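Please look over the sequence and the model shown here before reading on. The paragraphs that follow lead from a single pair of residues outward to the surrounding sheet, and then to some of its neighbours.

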Amino acid sequence: MSEASAEKRLFTQWPNNRILVAPSLLAAHYERLLEDVTAVEKAGAEVLHLDIMDGHFVPNLSFGADLVKALRPVSQMLFDVHLMITDPIKYAPRFKDAGADHITFHVEVEQNAGEVIDFIHSLGCTAGISLRPGTSYEAIMPYLDKVEMVLVMTVEPGFGGQSFHAEQLPKIETLRKAIDATGKPIRLEVDGGIAQASAELVRKAGADVLVAGSSVFRAKDGDYKKAIDILR
């Protein structure tokens with residue numbers, strides 16, 4: 001195991017008021033993944049967002065733990081694994097062993113959310129809980145003070161390149177207030193259609209981790225640093 005893969009990475013290593021940018025590997029150039037990961041890190045990204053899809057919980061497949069393992073030695077970024085899968089307890093250990101620092105699952109899965117959170121923590125990872133656009137913020141309130149991150153999806157999970165849905169902004173604002181009320185350093189992440197205009201909206205609503213796919217990896221001028229700085 002390399003020094004990079006053995007290092008402990010936590011969201012608390014950055015100040016609470018710092019906006020973190022998490023490029024989504026789903027939008028990277030697959031023919032040059034290693035180069036893209038290295039490039040966004042050099043451009044200033046702190047987090048790499050890894051969307052894991054099982055073709056059941058969402059109608060698409062992405063990639064698995066082997067790819068995460070292959071990328072881990074080449075990056076110091078925090079690996080933020082988003083499990084869009086039906087059985088997070090079964091698969092979370094594979095991604096932890098592959099190098100995940102943080103694992104997020106969906107509150108909509110049939111497994112008990114509290115048990116999933118405890119299991120992710122038992123692996124030594126920080127835990128996040130996510131909700132689809134149609135799920136009320138109330139669904140995650142019983143678990144809010146148990147996680148290190150809340151992920152609000154502003155598009156239906158399963159496919160990259162979708163347009164931002166502004167009707168999710170009130171949910172982000174409500175969750176920001178609820179998080180602040182806990183007094184804990186819980187991150188509020190937003191994923192879906194994040195580009196220059198939508199990034200400004202979600203920042204104002206209280207998001208502090210911005211997942212961005214096409215707006216970074218598919219930037220027209222290929223300038224990853226410029227794209228990341230614009231989002232921040």
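**From one residue pair to the sheet**

Glu189 stands opposite Val209 in strand 8. This pair is a good place to enter the model, which is a predicted one, since it leads straight to strand 7 and its neighbours.

Strand 8 covers residues 209-212, and 3 bridges join it to strand 7, the two strands running parallel. Strand 7 itself spans residues 187-191 and is mostly covered, with 5 of its 5 residues buried. Which residues lie on either side of strand 7, and are they buried or exposed? Arg187, Glu189 and Asp191 are on one side, Leu188 and Val190 are on the other, and all of them are buried, so that both faces of the strand are covered.

Strand 6, made of residues 149-153, also runs parallel to strand 7, and 5 bridges join the two; here Met149 is the residue that stands opposite Arg187 of strand 7. Continuing to strand 5, residues 126-131, one finds that this strand pairs with strand 6 in the parallel sense over 4 bridges, and that Leu131 has Val152 of strand 6 as its bridge partner.

These pairings belong to an open sheet of 8 strands, in which the pairing is parallel and the order is 1-8-7-6-5-4-3-2. Strand 1 and strand 2 (47-53) each have a single partner strand and stand at the edges, so one side of each is left without a neighbour in the sheet. From one strand to the next, the twist averages 25 degrees.

Helices accompany these strands. Strand 7, helix 7 and strand 8 together make a right-handed β-α-β unit. The axis of helix 7 (residues 196-205) comes within 8 Å of that of helix 6 (residues 169-182), and the two cross at roughly 35 degrees. Helix 6 contributes Leu169, Ile172, Glu173 and Arg176 to this contact, while helix 7 contributes Leu201, Val202 and Ala205; sorted by class, the contact has 5 nonpolar, no polar and 2 charged residues. Elsewhere, helix 4 (residues 88-98) lies across strand 2, strand 3 (78-84) and strand 4 (102-106), and it runs at about 155 degrees to strand 3.

A last stop is His29, in the loop between strand 1 (20-23) and helix 2 (33-42). Why does His29 count as buried? Its relative accessibility is 12%, and therefore His29 counts as buried, the cut-off being under 20%. Leaving aside residues up to four places away in sequence, His29 touches Asp36, Phe217, Arg218 and Tyr224, and its side chain makes a polar contact with the side chain of Arg218 at 3.5 Å.

Note on methods
Residues numbered from 1 in each chain as written. Predicted model: local features only at pLDDT ≥ 70, side-chain atom pairs only at ≥ 80, totals over all residues. Heavy atoms only, no water. Axes fitted to C-alpha atoms, helices over the stretch in contact; angles between N-to-C directions. Contact = heavy atoms within 4.5 Å. Nonpolar A, V, L, I, M, F, W, Y, C, P; charged D, E, K, R; others polar. Buried < 20%, exposed > 50% of the residue type's maximum accessible area, 1.4 Å probe, protein only. Polar contact = N/O pair within 3.5 Å; in protein donor to acceptor, adjacent residues only side chain to side chain. Pairing = 2+ DSSP bridges. Right-handed = clockwise from strand over helix to strand, strands pointing away.
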